[in-house]
Amino acid sequence: MARDSAAGTESGRPRSRAPWPFFRFLGRRLVALVVLAIGITFVAFVLTQLVPGDPALSALGPVTSADPEAVAAYHEHWGMDKPLPVQYGTYLWNLVQGDLGVSQLSHQPVLDDLRHTIPATMELAFLSIAFAIAVGVPLGVIAAVRQNRASDHALRVVSLAGISMPTFWLALLALYVFFFRLDWFPGGGRLDPGTTPPGEITGLYTVDAVLHGQFSLAWDALHHLILPALVLAAFNVSLITRYTRSAILEVIHDDYVRAARAKGLPERTVVIRHVLRAALPSVITVIGLVFANVLTGAVLVENIFAWPGIGQYAYQASLELDLPAIMGVSLFVAVVYVTVNFVVDVLYGVIDPRLRLT
Amino acid sequence: MHRTAHVPRLALAALVAVALAVVAVVASVAPAAGDKTAAEGTLVVDTSFVVQTIDPQRMFEPTSQIAVKGMYDTLVTFRGQSTTPLPWLARSWKVSKDAKTFTFTLRRDVKFSDGTPLTSADVLFSYNRVINLKGSPSFLLAGVKVSAPSKYTVVLRSSTPNPALLRIVPNPSLGIVNSKVVKANGGTDAVGADKTDKAEPYLLGHSAGSGPYVLKSYNNKTEIVLEANPGFWGPKPTFQTIVIRNLPAATQLLNVQRGTNEVALDLSAQQAATLRGKSNLKVITNASANLFNIDINTDPKISEVAANPHIQTAIRYALDYPSFVKLSGPGAVQAPGMIPTTFIGHLPPSAKIKRNLQKAKAEVRASGISNPKITMYYPAELTINGISFATLAQKTKSNLAEVGIQVDLVGKPVNSFLETYAAGKHPMSQSYWGPDYPDPNDYLVFTPGGLAANRVNWAASKDPKLAALAKKAQRTVSDTQRAALFRQIGRMMNQRAPFFPLFQPAQAIVSSGNLTNAVLGVIWPLDVRAVGTR
């Protein structure tokens with residue numbers, strides 16, 4: 001993927017040609033995404049079929065499901081009466097046309113379900129990750145710069161606690177303290193009960209409310225967002241702190257850092273522009289991982305805070321063997337992973353010129 | 001090094017300052033969260049959502065029932081926890097002596113929320129749509145033909161005597177929809193509606209009923225909001241707005257303590273017990289009509305051990321029933337038979353099976369099977385009324401070990417469990433039954449040849465006497481005679497049926513202290529139209 005940028009000048013090519021390799025790289029990633037998406041749908045489809053169990057039985061209830069006619073009608077309605085290759089082929093054909101099918105659980109198009117659940121999780125994830133980076137990176141720097149001193153020890157203990165604490169427990173504890181005891185934050189949901197959400201533009205309530213000029217609604221949405229986002233961030237703050245600390249310790253005693261100090265540069269400049277920049281690729285890699293943590297951690301946090309996101313949707317879909325919903329969620333997760341990896345790869349080049357694409 | 005320490009200290013101080021500032025701003029600017037959970041005139045119902053749809057003729061889930069019950073009227077209704085049918089849309093009815101023909105006379109002053117008068121044509125459409133959609137609630141009208149001989153008369157004709165029908169009709173799935181509106185939006189009641197009816201998307205966004213509430217918004221993951229129907233034909237409801245909100249039990253426990261005009265529906269009896277004595281709350285716990293039981297297969301091809309009558313009797317007397325009741329907490333009761341104590345025909349407490357380890361051990365010896373071993377299946381992740389099936393299965397295993405029966409436990413996801421269970425392939429199952437309608441006829445499924453009996457391969461031919469008695473009970477019209485027959489059946493079942501009734505779990509409802517009539521219904525979890533304030 002990466003090669004020394006000096007190669008561009010060695011081969012005599014002008015630097016203005018640099019975007020083409022980038023587009024080739026982008027093209028390769030897009031092709032990989034399509035292949036991955038098809039693979040994901042295939043694996044999800046096969047796995048769902050391998051699980052013994054008929055969704056009709058729980059959907060229809062014990063009495064109606066004993067009526068073969070009702071079960072047959074259910075199978076026909078959801079296309080489950082057709083041979084498996086036909087079912088899969090139909091799914092792919094509909095997928096190409098942007099139709100992800102209808103959820104057996106919600107009786108609504110999966111695309112509509114995802115359109116509502118993804119922004120809910122994304123709103124939570126964005127704030128959570130932003131908080132995790134904003135707090136985790138500086139704390140990691142502090143811990144590294146003050147290695148083996150009291151503040152370093154304290155931060156290491158705190159970050160170990162953050163990583164070790166079960167998210168669901170932390171969520172309940174946060175709710176108990178900040179909602180029930182102190183009454184600082186609401187007790188769940190995206191808005192106060194009965195509040196009409198802002199007109200949908202992005203699906204992010206805070207953003208949509210601001211765009212519509214409904215500032216009290218934006219505040220209501222933000223007020224509901226803060227506590228679950230902080231709970232979700234706890235693990236990742238600790239993770240980023242630890243990784244940033246070790247990444248900085250790897251480079252902080254290097255010759256070029258000493259040279260920078262010897263040149264008389266202020267310590268802040270040395271730490272931020274030389275040490276932190278060199279350590280950032282490792283940190284960026286971890287931040288990529290943080291996305292995965294947020295998606296998995298969101299299942300529990302969303303449940304406790306009654307947050308209608310993709311985590312809850314995926315959990316319910318799996319329990320009920322809701323195939324269209326499972327496939328839709330799997331595709332979304334695949335797209336997120338590929339996109340995050342892509343962004344991380346691009347950021348490597350931005351941060352470290354030695355890693356630029358050829 | 002002096003500067004080295006200086007920069008991080010500044011950064012640390014800045015971080016702390018920012019964090020404190022954010023918290024301070026949030027705490028000072030935000031109104032008290034508890035004050036906002038229920039605006040004046042709003043009732044907030046907290047529940048863990050079990051909802052697939054709010055199309056009345058397709059739905060059969062508890063959360064849907066709360067919403068649909070608020071928006072749609074039924075011919076007959078129940079009040080509170082009573083199971084006595086009361087007039088509602090039907091001001092009177094007649095039942096033929098053979099319990100096959102039910103003639104309802106409708107009120108003439110009922111209007112849908114759009115002002116259209118409700119007539120027998122709407123009842124005909126709604127009932128036929130239930131039947132022909134072949135959805136979850138269609139079994140309620142199995143074998144029933146509906147006709148509308150006049151504008152305000154509806155006749156239901158059942159192919160077999162159906163004395164339970166008057167207790168089936170109050171089910172919210174049999175709520176009456178505005179036929180003109182539903183037809184205009186793709187609905188049909190014709191044969192083949194399961195393929196041709198397209199009205200569900202409309203009914204997920206709008207209501208088409210005559211009830212005291214209309215649908216304001218529906219989100220099957222967050223909340224369902226109902227608003228008072230200004231043209232409601234009956235007594236005005238207390239609350240202008242109803243918010244049914246999706247919250248897990250742990251969060252409900254905190255919310256109901258902070259809220260006003262708030263109801264929590266899913267707290268376990270133990271959780272509810274922690275709230276007793278709080279002056280701002282009303283806590284009600286009692287026995288649910290749900291029934292936890294153990295089923296054992298009578299087919300030797302599935303398991304020779306399970307099918308052995310001595311082993312079955314041994315299990316019956318080896319189970320420690322009071323300790324099962326204790327698991328569920330205050331309010332739970334041991335089920336005296338397969339019919340819950342809330343319905344006519346249930347057995348008196350004196351008929352409860354009592355543990356007798358000596359007798360159980362003697363039966364194991366009499367079976368002639370050394371070291372008997374049975375596999376028991378249970379739905380692994382399922383929890384009902386706060387009770388995990390996994391816990392019950394462990395308890396069963398340890399009880400039976402005391403009399404020398406080894407139980408191998410197999411937990412399966414619900415769907416997988418149901419598939420093999422329905423096929424009659426489980427030697428033994430940790431099972432459960434919730435009432436579909438509050439009538440003992442719903443429990444005939446456990447008699448030989450019934451739906452649940454077939455799952456343990458207990459055909460009518462295996463106990464013809466009991467099967468004949470069940471048939472007689474099904475056709476009997478008089479409630480007094482039915483009660484006597486069902487008690488007779490219950491006593492016989494307690495001696496020889498392959499079902500062991502364990503307990504009716506405790507159920508709890510916690511509400512703000514100022515609310516009235518916030519009680520758990522027998523069929524629907526809560527009747528929001530009845531909830532008022534002091």
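These are my notebook entries on one sheet in chain B of a predicted model.

Entry 1, the sheet. I looked up the strand order and found seven strands in an open sheet of chain B, running β8-β9-β10-β1-β11-β21-β12 with mixed pairing. I then asked myself which strands stand at the edges. They are β8 (213-218) and β12 (281-287) of chain B, and because each has a single partner strand, one side of each is left without a neighbour in the sheet. For the twist, I noted that neighbouring strands of this sheet are turned by 15 degrees against each other on average, with direction ignored.

Entry 2, the pairings from β8(B) to β1(B). I went through these in sheet order, starting with β8(B) and β9 (residues 223-228) of chain B, which pair antiparallel over five bridges; here Tyr213(B) has Ala228(B) in β9(B) as its bridge partner. I next recorded that β9(B) and β10(B) are also antiparallel and are joined by five bridges, with Glu227(B) bridged to Thr241(B) of β10(B). Between β1(B) and β10(B) I found a parallel arrangement with six bridges, in which Asp46(B) is partnered by Arg245(B) of β10(B).

Entry 3, burial of β10(B). I checked strand β10 (residues 241-246) of chain B and found six of its six residues buried. In a regular strand the side chains alternate between the two faces of the sheet. I saw Thr241(B), Val243(B) and Arg245(B) pointing one way, while Ile242(B), Ile244(B) and Asn246(B) point the other way, and all are buried.

Entry 4, a helix across the sheet. I traced helix α9 (residues 249-258) of chain B, which lies across β1 (42-47), β11 (262-264), β12 and β21 (506-512) of chain B, and I noted its angle to β11(B) as about 155 degrees.

Conventions
Residues are numbered from 1 along each chain as its sequence is written. Chains are lettered from A and ligands numbered from 1 in the order in which they are written. This is a predicted model: local features need pLDDT of at least 70, side-chain atom pairs count only at pLDDT 80 or more; totals for chains, interfaces and linings use all residues. Two strands pair if DSSP finds at least two bridges between them. Axes are lines fitted to C-alpha atoms, for helices over the stretch in contact, and angles run from 0 to 180 degrees between N-to-C directions. Two residues are in contact if their C-beta atoms, placed from the backbone, lie within 7 Å. A residue is buried if 20 or more other C-beta atoms lie within 10 Å of its own, exposed if 12 or fewer, and partly exposed in between; C-beta atoms are placed from the backbone.
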